[in-house]
Amino acid sequence: MGDIIEGKTGTGLVLAGGGGKGIYQVGILKSLAEGGLLQDIVAVSGSSIGGINAVLFAEGLAEGGIDRAIKQMEECWDDMNEGVLFDVDEESIRAGEKRFSRNETKRLIDKYLTYELLEKSIDLYITGAKCPATINTTDVISQEEMNLLWTLSTEESYKDFTAEYFHLNNKSEDFVKSAILATSALPVIYSPVNIEGEFYVDGGVKDNNPIKPLYDIGIRRFIVIELGTKSAINPDIFPDAEIIDIVPSIDLGKLVSGTLNFDKQDKAFKKYFAELEGKRYIKTLFEKDEDYIAIQDSLARLDLEAAKKKVQYDRTYETLESSVNRNFDYIKNLEESLKKLED
């Protein structure tokens with residue numbers, strides 16, 4: 001990793017993994033940006049979907065500052081759906097492949113990523129979990145991998161894997177793309193990714209809150225955005241660090257309802273709730289306002305109700321708009337038909 005840089009100033013941004021729940025990070029960052037709390041971010045790291053968000057953030061920041069970084073994330077998330085996650089390649093299936101394709105993921109990478117911008121971006125790290133030699137990494141799903149999928153303890157399942165932190169600045173396009181595919185390679189669902197002769201799967205299975213690579217370059221203040229309701233950070237590992245740990249106040253979903261869920265309305269709900277939550281966390285975690293801290297549970301419930309009502313309103317509005325448009329189309333077609341009869 002290189003020598004530790006003692007006393008590096010600035011804040012490190014750390015984004016946890018969690019699949020479809022990662023839209024929560026976009027909402028939080030949007031509120032923190034509006035509050036002027038991201039101006040001193042000097043490095044970013046992430047695992048899994050957090051790794052993808054980290055890349056979008058760093059590249060957008062290099063392109064046009066904080067506002068562009070948030071916009072870049074929002075635009076890409078609008079394109080993320082079940083078709084990207086469960087991408088089926090018919091030719092691969094006929095050839096015997098039993099996993100989902102990464103073709104749509106590669107398309108999104110090419111659409112949103114300008115590699116040259118990473119050369120001048122803030123330090124950017126994403127995590128991969130290196131497979132041990134004993135794990136079958138062919139295109140056929142092995143019994144070992146199935147055992148890993150169904151074992152309850154992630155720590156036990158992946159004890160022989162090792163975390164590797166890919167530094168993406170000044171790297172080749174092939175390396176960057178492979179690293180992004182690796183950090184988001186959910187075991188069993190996707191094939192492990194070959195990077196320079198080693199195979200990697202989703203970085204979240206080894207280090208889902210990758211503070212370490214930023215700590216190792218000397219950063220001592222961190223904003224961490226997790227996606228579970230309980231903090232997974234052991235502060236004893238980083239005894240001299242200030243860690244602002246942002247944890248969702250509600251359960252963002254389990255495997256199917258959260259990690260694998262890229263439904264449009266669900267994304268809208270989680271993002272808006274995160275925006276409200278972000279504004280509240282500015283008061284409680286950053287400003288440490290005692291009045292807000294005293295009633296934060298009540299405020300969290302109000303934010304949840306507000307997010308539900310907004311999504312319900314948006315759904316009703318979209319339905320009404322669609323109905324109105326259909327009626328206008330009907331009238332327009334009727335007028336055209338009458339005109340033809342008159343002619």
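**Figure 1. Confidence across the predicted model, and its first residues.** pLDDT is the predictor's confidence in each residue, from 0 to 100. In this predicted model, pLDDT stays under 50 over residues 1-5, a segment for which the model has 10 contacts beyond four places in sequence. Where pLDDT is low, the predicted coordinates should not be read in detail. For the protein chain as a whole, the mean pLDDT is 87, and 82% of the residues reach 70 or more.

**Figure 2. Overall make-up of the protein chain.** The protein chain has 15 helices and 8 strands, and 48% of its 343 residues are buried. Among the contacts with a separation of 6 or more, 74% are between residues 24 or more positions apart. The accessible surface of the chain comes to about 17,600 Å², and carbon and sulfur atoms account for 51% of that surface.

**Figure 3. An aromatic pair between two strands.** The count of aromatic pairs in the model comes to 7. One of these joins phenylalanine 166 and tyrosine 200 in an edge-to-face arrangement, with 5.1 Å from centre to centre and 75 degrees between the planes. The pair links distant parts of the chain, since phenylalanine 166 belongs to strand β4 (residues 162-167) and tyrosine 200 to strand β6 (residues 198-202), 34 residues apart. Both phenylalanine 166 and tyrosine 200 are buried, and ring pairs link Phe166 and Tyr200 with Phe175 into a cluster.

**Figure 4. Arginine charges over tyrosine rings.** The charged end of arginine 102 sits over the ring of tyrosine 190, at 4.1 Å from the ring centre. In another part of the view set, arginine 220 lies over the face of tyrosine 215, with 3.6 Å to the centre of that ring.

**Figure 5. The surroundings of threonine 11.** Threonine 11 is found in strand β1, which covers residues 11-15. Threonine 11 counts as buried because its relative accessibility is 0%, and buried means under 20% relative accessible area. The side chain of threonine 11 is joined to that of arginine 221 by a polar contact of 2.7 Å. When neighbours within four places in sequence are left aside, threonine 11 is in contact with Asp40, Ile41, Val42 and Ala43, as well as with Ile219, Arg221, Phe222 and Ile223. Arg221 therefore appears both in this list of contacts and as the partner in the polar contact between side chains, where a polar contact is a pair of N or O atoms within 3.5 Å.

Conventions: Residues numbered from 1 in each chain as written. Predicted model: local features only at pLDDT ≥ 70, side-chain atom pairs only at ≥ 80, totals over all residues. Heavy atoms only, no water. Contact = heavy atoms within 4.5 Å. Helix = DSSP H or I, 4+ residues; strand = E, 2+ residues; numbered from the N terminus. Buried < 20%, exposed > 50% of the residue type's maximum accessible area, 1.4 Å probe, protein only. Areas by Shrake-Rupley, 256 points an atom, 1.4 Å probe, with all protein chains shown as cover. Phe/Tyr/Trp six-rings, centres within 6.5 Å; stacked < 30°, edge-to-face > 60°. Lys NZ or Arg CZ within 6 Å of the ring centre and 35° of its normal. Polar contact = N/O pair within 3.5 Å; in protein donor to acceptor, adjacent residues only side chain to side chain.
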